[in-house]
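User: Could you take a close look at one part of this structure, and then follow its contacts outward into the rest of the chain? I would like one connected account rather than a list.

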Amino acid sequence: MEDFRVGQGFDAHRLVEGRKLILAGVTIPHPRGLLGHSDADVLAHAVMDAILGALALGDIGAHFPPNDPAYQDADSMALLGRVAAMAKAQGWRVRQADATVIAEAPRLLPYVQAMRENLARVLAADLDRVSVKATTTEGMGFAGRGEGIAAMAVVALAPLAR
Ligand SMILES: [Zn+2]
């Protein structure tokens, strides 16, 4: 059986006024956005952590420290591209990614296709192997109260073709 790697990632950011809501590089119209040192793209961050986990390379904070001014308002999809390049440098490619965004609002379905396309492009993965799902928690917990948005992701890596 071909060698492979699997990784999982989780992230959450607080929703506040005066910030853009950006998920997988897609700016989504909403009165509030996610708070963070970077653009706080919670979906990109979960996928980054999943890839880093598959590589056993630690987590996003170790590679892109939140107190480093270099990452102030950073484009998280560009950082995701750097993580994908780390995988490639170690001989791996993203074979599949599946992610879930947990948000009470806004309704994300109209933006799912654009998120998938952005992720597939940055990961150099086939679009039909990149999945983004959206769910609520039916009003329960921090996501349900609209205090923040969370994301989970799983990735599978396969060896680069030699
Ligand atoms: Zn984050």
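Analyst:
**Helix α3 and its surroundings**

The face of α3 that is turned away from its buried side carries the exposed residues K88 and A89. This is a description of a predicted model, and the helix can be followed from that outer face inward. The buried residues of α3 are S76, M77, L79, L80, V83, A84 and A87. Seen down the axis of α3, these buried residues fall within an arc of 155°, so they line one face of the helix. The length of α3 agrees with expectation, because its 14 residues, 76-89, should span 20 Å at 1.5 Å a residue and its end C-alpha atoms are 20 Å apart. What covers the buried residues of α3 includes α1, β5 and α4, and these three elements set the order of what follows.

One residue of α3 deserves a separate word before leaving the helix. M86 lies in α3 and counts as partly exposed because its relative accessibility is 23%, which falls between the 20% limit for buried and the 50% limit for exposed. Once its neighbours within four places in sequence are left aside, M86 is in contact with L52, L55, L57, H63 and F64. The C-alpha atom of M86 is separated by 9.2 Å from that of I51, a residue 35 places away along the chain.

**Toward α1 and the zinc ion**

Helix α1 covers residues 42-54, and the loop between α1 and α2 (60-63) holds A56. A56 has a phi near 55°, a positive value in a residue other than glycine, and with a relative accessible area of 66% it is exposed. Most residues other than glycine have a negative phi.

Helix α1 also takes part in the metal site. The zinc ion is coordinated by D11 through OD, by H13 through NE2 and by H45 through ND1, at 2.0 to 2.1 Å. In sequence, these donor residues follow the spacing D-x1-H-x31-H. The histidine pair links distant parts of the chain, since H13 sits in strand β1 (residues 5-17) and H45 in helix α1, 32 residues apart. Both H13 and H45 are buried.

**Toward α4 and β5**

The second neighbour, α4, has 15 residues and reaches 21 Å from its first C-alpha to its last, close to the 21 Å expected at 1.5 Å a residue. Its buried residues are V112, M115, R116, N118, L119, A120 and L123, and they pack against β2, β3, α1, α3, β5 and β6. Just after α4, A124 takes a positive phi of about 55°.

Two of the elements against which α4 packs, β2 and β3, are joined by a loop in which A24 is found. A24 has a positive phi of about 50° although it is not a glycine, and at 0% relative accessibility this residue counts as buried. A24 is thus buried, whereas A56 is exposed, while each of them has a positive phi.

Strand β5 (residues 92-102) is the third neighbour, and together with α4 and β6 it makes a right-handed β-α-β unit. Strands β5 and β6 (residues 130-135) pair in the parallel sense over 6 bridges, and the bridge partner of I102 in β6 is T135. Within the loop between β5 and α4 lies P106, and the peptide bond that leads into it from A105 is cis, with omega near -5°. Most peptide bonds are trans.

**Across the strands**

Strand β5 is also joined to β7 (residues 148-159) by 10 bridges, and the two run antiparallel; here V94 stands opposite L157. Strand β7 in turn is joined to β1 by 10 bridges, again running antiparallel, with V6 standing opposite A156. Strand β1 is further joined to β4 (residues 32-34) by 3 bridges in the antiparallel sense, where E17 stands opposite R32.

The strand path therefore leads back to the metal site, because β5 is paired with β7, β7 is paired with β1, and β1 holds the zinc donor H13. Helix α3 meets both ends of this route, since α1 and β5 are among the elements that cover its buried residues.

Terms used:
Residues are numbered from 1 along each chain as its sequence is written. This is a predicted model: local features need pLDDT of at least 70, side-chain atom pairs count only at pLDDT 80 or more; totals for chains, interfaces and linings use all residues. Side-chain values use heavy atoms; hydrogens and water are left out. Helices (H or I, at least four residues) and strands (E, at least two) are DSSP runs, numbered from the N terminus. A crossover is right-handed if, with the strands pointing away from the viewer, the path from the first strand over the helix to the second runs clockwise. Buried means under 20% relative accessible area, exposed over 50%, partly exposed in between (1.4 Å probe, protein chains only). Donors are N, O and S atoms within 2.8 Å of the metal (3.2 Å for Na, K and Ca); water is not among the atoms, so sites may look incomplete. The expected span of a helix is 1.5 Å times one less than its number of residues. The arc is that of the directions from the helix axis to the C-beta atoms. Contact means heavy atoms within 4.5 Å.
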